[in-house]
Structures are given as C-alpha cells and as structure tokens.
Amino acid sequence: MRHSITRSEELFKEAQQVIPGGVNSPVRAFKAVGGTPRFIARAQGAYLWDADGNQLLDYIGSWGPMILGHNHPAVVAAIQQALSEGLSYGAPTEREIRLAQRVREAYPSADLVRFVSSGTEATMSALRLARGYTGRDRIVKFRGNYHGHADSLLVQAGSGLLTGGTPSSAGVPQAFAELTLVADYNEPQALEDLFQRYGEEIAAVIFEPVVGNAGVLIPTPTFLEALHHLTRRYGALLIADEVMTGFRLAKGGAVELFGLKPDLICWGKILGGGLPVGAYGGRAEIMQQVAPLGPVYQAGTLSGNPLSMAAGLATLETLFQDPPYERLEAYGAALEQGLQTLFAEAGLPVAINRVGSMITVFFREGPVQTYTEAVASDTERFKAFFHGLLQRGVYWPPSQFEAAFFSTAHGPEELDKTLEAVAQALKEPAA
Ligand code: PLP
C-alpha cells in the first residue's frame, strides 16, 4: 500500500540542481517532516495527483486560496474569458472596480482598496502607509504570526521583552529589526507594557486575527479588546492581516466573525482564486495617503492584472451567491469530533484548534492559546502522523505549525476517507 514516489524523487533531485532546495517556497521542501515532497501534476476538487499518479486528498488548498476546491468551473471559465482578451495592459480595467466593490461589500469599513500581487506586498504596503500616515516608525507584531517576507516583518523578539526585535532571517538589517517590537499573542499585559514604553512611537500593530502560521491559535476576547483599546489610546493604527482568514471564516472574514474594527486590512489568497493577488484597504482618510493621491508610494507592473482579477471575482461571486460557511463549519465540526474520538481511543493527548475551515492538531495536551504553548508540541509524533496520512493518500500540511484547510469540495466521502486514514495511521504509524 505504500505509494510509489519514484518520479517525485527524480524530479526533486533535478529541481535541486536549478532551484534553491528544489522549491520556490521553503515549506514545500518537507524539511520539518523529512522525506521527499510530492511533485504535483494536476488537481481537481478536493484532490491532487502527484507525478507518480498517486491521488491525494488535499488539506492544504494551496495554503488557503482554494476554498472552492481545485479547478472550480466558474473560476476556470472566468480565467478563460479573460485570457481571450489579453494578459496584461498596465492600464486600468473594469474588473478591478468590480473586485474592489466586492471587497467593500464584504468589508464595509474599507472605503478604498488597492490591489497588489501577493500577501507580502499587501502587509509591506500597509505598514508603509501606517508609517506615512502617523509619521511614526515603530511597529508591533506578534511572535509566531507570519505576514510575508518583508524586512520589517522577518523579526523575532529581542533579548528583553521591552527591546526592539532581532532579524529572524539573514539579510535583514538590525537597524530595521530594531523598529519592530515583538509581543506575545493572547498576552494583553505584555502588549500594554510595550505601549507604555513606546506608545508615542508606534505607527501600527499588525496581527493575524486567527493565527494560521503557528498552527491555528484563536484570539481571546480580552486580547482583541486590548488591541483595539491600546491602539486607539496611543494613536497607532490596527492592521488586521486577513490574508489567510479573509473570505474564509465568513464573507467578511475575521473582521465580521469577531466584530473587529481595524484601521487597515490586508487580503490575499482567496482574493486571487489561485492566481497571484494581494490587497490592502481601509478608511478613505488613510488610504488617500497612497500615491497618486498622497505621498506614500506604492506601485506594481502586474497589479490588478486581468487574470487574477477575473479569478478573484469569480471566486468571490461564487462564495457570495451561495455562502458555504455553514457547510464548511459542519464539515469542520464533524472532522474535529472524529479526530477527538480517534486520538482519545489511541490514548494520545492532542489539542485541536479550529475556526471554520482552518484546523490544527497540536500534539500535546491543551489548551494551546499562545505561541509558547504551540511550540511545546511533540513534533516527532506530528511527523509520524503526517507520513501515516500521506501514505494513505491524505495530504496534511507538512509542519506542526501550519493550519490545514478544507474546501467546499470536501464532503462526506472525504470526511470518511480522512478519519479512516487517521484511524489506521494511529494504529500503525508509517515507518
Ligand atoms: N499574511 C498571512 C497571514 C499569511 O498567511 C501569508 C502567507 O502565508 C502572508 C501574509 C504572505 O502572503 P504571500 O505568501 O502571498 O506573500
């Protein structure tokens, strides 16, 4: 029953000759779990097929965008239509207006929306805007929250709680990192301490309203309260990074789900329906600072490109016409319950965090609310779980600290398949 992966192995060797680590984004290399990454040949609905023809039930969904499943007919048709009209003009098009209108329909607080080409660009641009608008230089981010790979955001906590951060990647100047203060998610007191010390210098606080990038962490009401209250009190902007959660947790994402009132919002992933897109938006008074209206510069050759706009528009229209959020919640609840039962039967302590169609099984006793609690998980057990599932045709994210996603293409058959694979994997983990 072991999958043959000869072709993936050959391709991985070949890839490493021409691409650093053989991949174009690090997590794809399976470093956290070991083994050979599957090279994917095609996808349809809830499934991927690798280069050896193995069918995989997909719980990654391209790391978030594929909420409608792969190759949804409405999205494919919209891209084909756009394709027949030319690829990119470097001039404004009607689809950009229609997509911005759709975003505003879901997020009424975003008066103006600017499209870029990735989530990284969205957060990077939102931070520049916050700095331009407030005239302040420092920003606050949270440990274990990921906002893309801009210099200011690849920063970890410094030596003491109340100091600037240090680079978490080579190549990020210390001078940049010092302007990024790193606080702990779900720990309001630490945030308050930072504001007491640096409040007048802080341009913005950026956060994942549900964390996906440390595994799923769910914000506590007191933490959300502190974010709003402290940013208001000290005149800093609050930036909700909805790149992962936007249009996934509800039509209006986590902002709608939790009734948040951020000053700026960042989107990506689902907004591009599987093609490269990011966006940021907020109140007119702030967004009017962006060029060409204002002094904050930001531009892009392929920004708002017709194919991405068409894919995003078809995705949002499909989601809005027949909102799938209750169905996704029902699938998620059944998956979570099934996993709880199987792990309990196996006598293996886990903490399952889930919001809608984002889920993480932490291999440790719960609750897991903070980054410190998340990283204390048993990653060896996670590895065995991951490979046990993969061998049985279920493609879970290859890291304990990544959220799993499912889509509207996941139904009762996929649920059964998943739970059956988990049951078997727990009895007889892969070697
Ligand atoms: N923000 C969040 C919350 C993300 O999860 C990601 C990517 O995973 C990003 C920003 C960066 O987006 P991109 O990979 O499109 O640059």
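Here are some short exercises on the structure above, each with a worked solution.

This is a predicted model, in which local features need pLDDT of at least 70 and side-chain atom pairs count only at pLDDT 80 or more, while totals for chains, interfaces and linings use all residues. Residue numbers start from 1 along each chain, as its sequence is written.

**Exercise 1: the two domains**

Find out which stretches make up domain 1 and domain 2, and which elements of domain 1 touch domain 2.

Solution. Start with the bounds, which come from an automatic or database domain assignment. Domain 1 is 6–67 + 324–427, and domain 2 is 73–321. Next, look at the spacing: the C-alpha centres of domain 1 and domain 2 are 26 Å apart. Now for the contact, where two residues count as touching if their C-beta atoms, placed from the backbone, lie within 7 Å. Domain 1 puts in 24 residues and domain 2 puts in 24 residues. On the domain 1 side, β13 (351–355), β14 (358–362) and α12 (371–375) supply at least two residues each. Those labels are DSSP runs numbered from the N terminus, with helices (H or I) of at least four residues and strands (E) of at least two. β14 gives the most to this side, with four residues. Finally, sort the domain 1 side by class: 13 nonpolar, nine polar and two charged residues. Here Ala, Val, Leu, Ile, Met, Phe, Trp, Tyr, Cys and Pro count as nonpolar, Asp, Glu, Lys and Arg as charged, and the others, Gly among them, as polar.

**Exercise 2: two helices with two sides**

Work out which residues of helix α6 are buried and which of helix α2 are buried.

Solution. First, the rule: a residue is buried if 20 or more other C-beta atoms lie within 10 Å of its own, exposed if 12 or fewer, and partly exposed in between, with C-beta atoms placed from the backbone. In α6 (residues 188–198), Leu191, Leu194 and Phe195 are buried. They sit on the same side of α6 because they cover an arc of only 95° around the axis. That arc is taken from the directions from the helix axis to the C-beta atoms. Flip to the other side of α6 and you'll find Gln189 and Gln196 exposed. The cover over the buried residues of α6 includes β5 (138–142), β8 (180–183), β9 (202–207) and α7 (221–234).

Now do α2 (residues 73–83), where Val75, Ala78 and Ala82 are buried. Their arc is only 65° around the axis, which puts them on the same side of α2. On the other side of α2, Pro73, Ala77, Gln80, Gln81 and Leu83 are exposed. The buried residues of α2 pack against α10 (306–321).

**Exercise 3: strands and their partners**

Trace the partners of strand β3, then say which strands stand at the edges of the sheet with β14.

Solution. Strands pair if DSSP finds at least two bridges between them. β2 (residues 47–50) and β3 (residues 55–58) pair in the antiparallel sense over three bridges. Within that pair, leucine 48 stands opposite leucine 56 of β3. The two strands β2 and β3 make a hairpin with four residues between them, and glycine 53 in the turn has a positive phi of about 90°. β3 also runs parallel to β15 (residues 394–395), joined by two bridges. There, leucine 57 has valine 394 of β15 as its bridge partner.

Move on to the open sheet, whose three strands come in the order β13-β14-β16 with antiparallel pairing. β13 and β16 (404–405) stand at the edges with a single partner strand each, so one side of each has no neighbour in the sheet. Five bridges join β13 to β14, and arginine 354 stands opposite isoleucine 359 in β14.

**Exercise 4: odd backbone spots**

Locate the cis peptide bond before proline 292 and the one before proline 367, then check phenylalanine 30: buried or exposed?

Solution. The bond from alanine 291 to proline 292 is cis, with omega near 10°, and proline 292 lies in the loop between α9 (284–287) and α10. Another cis bond joins glycine 366 and proline 367, with omega about -5°; proline 367 is in the loop between β14 and α12. Phenylalanine 30 has a positive phi near 65°, in a residue other than glycine. Phenylalanine 30 counts as buried because there are 20 C-beta neighbours inside 10 Å.
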